[in-house]
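Grab your viewer and a pencil: here are some worked exercises on holes and strands. Try each one before you read its solution.

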Amino acid sequence: MFAEYWNPYIERMPIEDLHKLQEERLRSLVRYVHDHSRFYRQRFQEAGVEPDDIKKLSDVTKLPFTSKRDLRNTYPTGMFCIPENWVVRYHVSSGTTGKPTVVGYTQGDVDMWTESLARALTSIGLGRGDVIQVSYGYGLFTGGLGLHYGAERIGATVLPTGAGNTERQIELMQDLGSTAIACTPSYFLYINEVAQKMGVSIRNDTKLRAGILGAEPWSEETRKRIEDSTGIKAYDIFGTSEMSGPLFTECHLQNGIHIWADLFLIEVIDPKTGMRVEDGERGELVVTSLDKWAFPLIRYKTGDITILNNEQCECGRTHPRIMRILGRTDDMIIVRGINVFPSQVESVLMRIPEIGDNYQIIVDRKGPLDVMTVKVEVTESTFSDKIADLMSLSREVGRQLKNVLNITAEVELVEPGAIPRSEGKAQRVIDMRRV
Ligand code: ADP
Ligand code: ZN
């Protein structure tokens with residue numbers, strides 16, 4: 001029914017050959033950006049590095065880092081390396097963490113992006129005969145169009161619903177037999193909730209068997225909830241607009257996201273020192289693009305916290321994996337000196353069966369003290385129980401948060417539906433200290 005690999009030669013390439021390929025591509029990339037971009041020339045000069053200094057793969061550490069700040073400072077296209085009339089498409093990021101940023105593509109760049117997704121979607125067992133419902137936003141956001149092209153490339157049928165209009169999504173899912181859906185995990189939970197209200201069971205009344213879920217942090221516990229309640233397999237998909245958009249997924253083994261090493265060179269660093277951390281240790285993901293020409297990336301600091309896994313995957317793909325993204329450095333909440341990522345709070349909450357799928361973290365300052373409140377919905381059946389039970393439940397949630405995260409939080413249990421739903425990225429943190 002489906003090919004096991006989209007591009008078996010590249011996907012199973014021996015590591016040494018992959019490294020050789022990366023080395024060659026890195027050398028030509030560095031020469032290219034130096035010759036085609038004033039921005040990079042200047043950066044190299046400041047760092048005292050010339051293209052000829054980059055000979056081996058390990059020389060990548062001689063290159064300066066870049067970040068979202070550079071993209072903003074050169075808004076809109078100051079980091080591009082081609083004349084504007086070669087750009088076939090722009091995307092503009094939603095600006096989750098500030099002023100929007102513009103990215104651009106050559107035709108070849110769009111093809112690279114599509115190739116990456118074709119490999120990824122094939123690796124989770126999708127192909128001809130599948131109907132892939134793309135419920136990511138279409139337009140300036142990269143999610144919709146990215147998945148659309150990737151799904152078409154592997155010969156699947158695309159149902160381009162975009163985000164929103166949830167009841168209609170569910171009707172179409174049934175009428176046209178969607179077998180996979182691509183959206184944020186929080187939107188998928190909402191779709192499931194609306195389906196239940198419509199009397200539609202995703203497990204019994206649809207053909208859905210895979211979710212391609214990402215664009216925001218989520219946890220293993222949420223994956224388990226999604227899989228248990230709907231019967232689908234939920235796969236993590238990752239990318240950022242600077243890298244192209246969504247690019248990489250886990251393979252069918254669901255144990256880390258394969259990053260195609262012929263296309264991107266990745267490092268995981270300590271965000272404070274800029275030094276690489278050991279494999280298996282947590283750090284910030286840094287990417288260098290090896291086949292992207294309108295807007296190439298040199299050691300781009302994504303802000304995303306993950307763990308690099310260079311062990312060979314049992315699926316036969318030789319490319320490295322990153323483990324689930326914990327969150328962005330700027331999403332990290334520091335409460336009374338303790339660092340917490342919302343996804344860690346989520347892990348604790350989703351293990352408690354009486355707790356529903358939606359939560360929000362509110363951080364405020366009372367006098368000199370930071371106060372963190374976890375506002376979380378209870379399930380329908382918990383809600384209809386007695387008040388006394390709710391009080392002991394809220395104490396229990398507070399106790400588990402304290403046990404696992406070593407943080408004291410006020411817990412506010414609310415009725416199902418009280419927390420706003422999102423069709424795209426959910427807003428999990430409200431930091432009143434920043435207002
Ligand atoms: P914006 O920066 O405006 O939100 P992007 O589409 O570029 O727009 O967002 C990319 C970011 O989304 C990543 O840097 C990461 O923080 C987050 N993200 C994307 N996919 C995942 C995922 N699977 N898990 C966790 N976070 C993700
Ligand atoms: Zn694998």
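**Exercise 1.** How do the residues of the lining of the largest cavity divide into nonpolar, polar and charged?

*Solution.* Start with the split: four nonpolar, two polar and three charged. Here Ala, Val, Leu, Ile, Met, Phe, Trp, Tyr, Cys and Pro count as nonpolar, Asp, Glu, Lys and Arg as charged, and the others, Gly among them, as polar. Next, put names to the lining: Pro-185, Ser-186, Leu-189, Glu-216, Pro-217, Trp-218, Thr-222, Glu-346 and Arg-428. Helix α8 gives the most, with three residues. The space inside is about 30 Å³, and one cavity of 30 Å³ or more is counted.

Some ground rules. This is a predicted model, where local features need pLDDT of at least 70 and side-chain atom pairs count only at pLDDT 80 or more, while totals for chains, interfaces and linings use all residues. Residues are numbered from 1 along each chain as its sequence is written, chains are lettered from A and ligands numbered from 1 in the order in which they are written, and side-chain values use heavy atoms, with hydrogens and water left out.

On a 1 Å grid over the protein atoms alone, a cavity is a set of points where a 1.4 Å probe fits but cannot get out, and a pocket is an open set with protein on both sides within 12 Å along at least five of seven lines; lining residues have an atom within 4 Å of a point. Points are joined across faces, edges and corners, and a volume is the space filled by probe spheres set on them.

**Exercise 2.** Which residues lining the second largest pocket are closest to its centre?

*Solution.* First, the volume of this pocket is about 440 Å³. Of its 21 lining residues, Glu-193, Gln-196, Asp-357, Thr-379 and Glu-380 sit closest to the centre. Then look at the sources: α8 supplies the largest share, five residues. Domain 1 (1-328) and domain 2 (333-434) each give at least three; the bounds come from an automatic or database domain assignment. By class, expect six nonpolar, eight polar and seven charged residues.

**Exercise 3.** What is the strand order of the open sheet of four strands?

*Solution.* Helices (H or I, at least four residues) and strands (E, at least two) are DSSP runs, numbered from the N terminus, and two strands pair if DSSP finds at least two bridges between them. The order reads β19-β18-β17-β20, with mixed pairing. At the edges are β19 (410-414) and β20 (429-431). Finally, β18 and β19 run parallel, joined by five bridges, and Lys-375 stands opposite Glu-412 in β19.
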